[in-house]
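Trainee: I have a new model open on my screen and would like to learn how to read it. Could we go through it together, one question at a time?

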Amino acid sequence: MAWFKRTEKGITTATEDKKDVPKGLWYKSPTGKIIDQDELARNLWVSPEDDFHVRIGSKEYFEILFDDNKFKELDAKMTSKDPLNFVDTKKYSDRLKDAIDKTGLKDAVRTAVGKSKGKDLVVCCMDFAFIGGSMGAVVGEKIARGIDYSIKNKVPFVMISKSGGARMMEAAYSLMQLAKTSAKLAQLAEAKIPYISLCTDPTTGGTTASYAMLGDVNISEPGALIGFAGPRVVRDTTGKDLPDGFQTAEFVLDHGFLDFITPRKELKDKINLYLDLILNQNIR
């Protein structure tokens, strides 16, 4: 029975001849479900086993929303400065450089205009991979310019939020973006141009306190974390125990802060449906 018994002991393989299993071929969801990465991508990065919505960035959202993934990026080369010469565990200027090199992004938001179901749409999408999607001066400025483009060209505006909040390395400069973006959205409303806000996992801090909750229609992906402060801060401030899942999209919907929860596969159809209804035009 030598065919299944080892006849020689001490067999070894030289290091250079060993074959590693390529990384990134499988994804394990928080519920423990395993899925092939290619299948996950084909399913718009939603686990078919448990409907878990994997975090994705602007690249993937643009692919989902724009027809044939064709769009023009606005203000693509805008980057942050370090006006405060901020230093924590490292210089902010070095942190910015590292984030740009690591992600290939210029900052935590990208703005693009293109066709969605045949009609022009401006989409401003945050990237959590860039310093936790934190909102600094560039984020606020790019959102403001995206809104200006919508007003000038009378094109509906969509904001996709995915952020840990204001960027502490820019201090007051960051906090000023809450008022700046809110004022721009007021101008958009005065121009009677629709604004759809999509909250994705996570939408927290200053983004929730400003543009993320100011949409004509506020929607979210299933299971997204949506809130202002973290659970510990809320618990310490209120002195009360918190209900289970109190910062999930489903809880926020039940308490009136969202209009709809929309699965990723339905995003393109539903966003354009809401726009058609707001604009009182034929349903596409």
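Mentor: Happily! Keep in mind that this is a predicted model. Let's begin with a charged pair: the side chains of Glu73 and Arg110 meet in a salt bridge, at 3.1 Å from N to O.

Trainee: Which strands does the pair of Glu73 and Arg110 link, and how many residues apart are they?

Mentor: This pair links distant parts of the chain. Glu73 belongs to strand β3 and Arg110 to strand β4, and their separation is 37 residues.

Trainee: Is Arg110 buried or exposed?

Mentor: The cut-off for buried is under 20% relative accessible area. Arg110 has a relative accessible area of 16%, so Arg110 is buried. Its partner Glu73 is at 27% relative accessibility and therefore counts as partly exposed. For Arg110, then, the word is buried.

Trainee: How many bridges join β3 to β4, and in which sense do they run?

Mentor: One place to look is Phe71, whose bridge partner in β4 is Gly114. The two strands, β3 and β4, are joined by four bridges and run antiparallel.

Trainee: Where do β3 and β9 stand in the open sheet?

Mentor: Seven strands form this open sheet, in the order β3-β4-β5-β6-β7-β8-β9, with mixed pairing. β3 (71–74) and β9 (260–261) each have a single partner strand, so one side of each is left without a neighbour in the sheet. Their place is at the edges.

Trainee: Which strand pairs with β9, and in which sense?

Mentor: Look for Ser220, which stands opposite Ile261 in β9. The pairing with β9 runs over two bridges. The strand is β8 (residues 217–220), and the sense is parallel.

Trainee: Why is β4 described as largely enclosed?

Mentor: Count residues with under 20% relative accessible area, the cut-off for buried. In β4, seven of the eight residues are buried, so the rest of the structure largely encloses this strand. The count behind the description is seven of eight.

Trainee: Which residue takes a positive phi in the hairpin of β4 and β5?

Mentor: Eight bridges join β4 to β5, and the two strands run antiparallel; Thr111, for example, has Cys124 in β5 as its bridge partner. The hairpin has two residues between the strands. The residue with a positive phi, near 55 degrees, is Lys117.

Trainee: How do β5 and β6 run, parallel or antiparallel?

Mentor: You can start from Val123, whose bridge partner in β6 is Val158. Four bridges join β5 to β6, and these strands run parallel.

Trainee: Which residues of β6 point the other way from Phe157, Met159, Ser161 and Ser163?

Mentor: Seven of the seven residues of β6 are buried, so β6 is largely enclosed by the rest of the structure. That holds for side chains pointing either way from the strand. Those pointing the other way are Val158, Ile160 and Lys162.

Trainee: Which helix lies across β3, β4, β5, β6 and β7?

Mentor: There are eight helices and nine strands in the protein. The helix you want covers residues 58–65 and runs at about 10 degrees to β4. The name to note is helix α2.

Trainee: How far apart are the closest N and O atoms of Lys59 and Glu63?

Mentor: Side chains of opposite charge can pair when their charged atoms come close. Lys59 and Glu63 both lie in helix α2, four residues apart, which is about one turn of the helix. Glu63 is at 31% relative accessibility and so counts as partly exposed. In the salt bridge of Lys59 with Glu63, the closest N and O atoms are 2.9 Å apart.

Trainee: Which residues are joined into one network by salt bridges that share partners?

Mentor: The structure holds 19 salt bridges, including one between Asp88 and Arg95 with closest N and O atoms 2.7 Å apart. Salt bridges that share partners join four residues into one network: Asp75, Glu141, Arg145 and Lys180.

Trainee: Which residues form a nonpolar patch on the surface?

Mentor: One member lies in strand β2 (residues 34–36): Ile34. At 48% relative accessibility, Ile34 counts as partly exposed. Together the patch residues have about 330 Å² of accessible area, and they are Leu25, Trp26 and Ile34.

Terms used. Residues are numbered from 1 along each chain as its sequence is written. This is a predicted model: local features need pLDDT of at least 70, side-chain atom pairs count only at pLDDT 80 or more; totals for chains, interfaces and linings use all residues. Side-chain values use heavy atoms; hydrogens and water are left out. Patches are made of residues with over 30% relative accessible area and no salt bridge: like charges are joined within 9 Å, nonpolar side chains (Val, Leu, Ile, Met, Phe, Trp, Tyr) within 5 Å. Accessible areas come from the Shrake-Rupley method with a 1.4 Å probe; for residues, only the protein chains shown count as cover. Buried means under 20% relative accessible area, exposed over 50%, partly exposed in between (1.4 Å probe, protein chains only). Two strands pair if DSSP finds at least two bridges between them. Contact means heavy atoms within 4.5 Å. Axes are lines fitted to C-alpha atoms, for helices over the stretch in contact, and angles run from 0 to 180 degrees between N-to-C directions.
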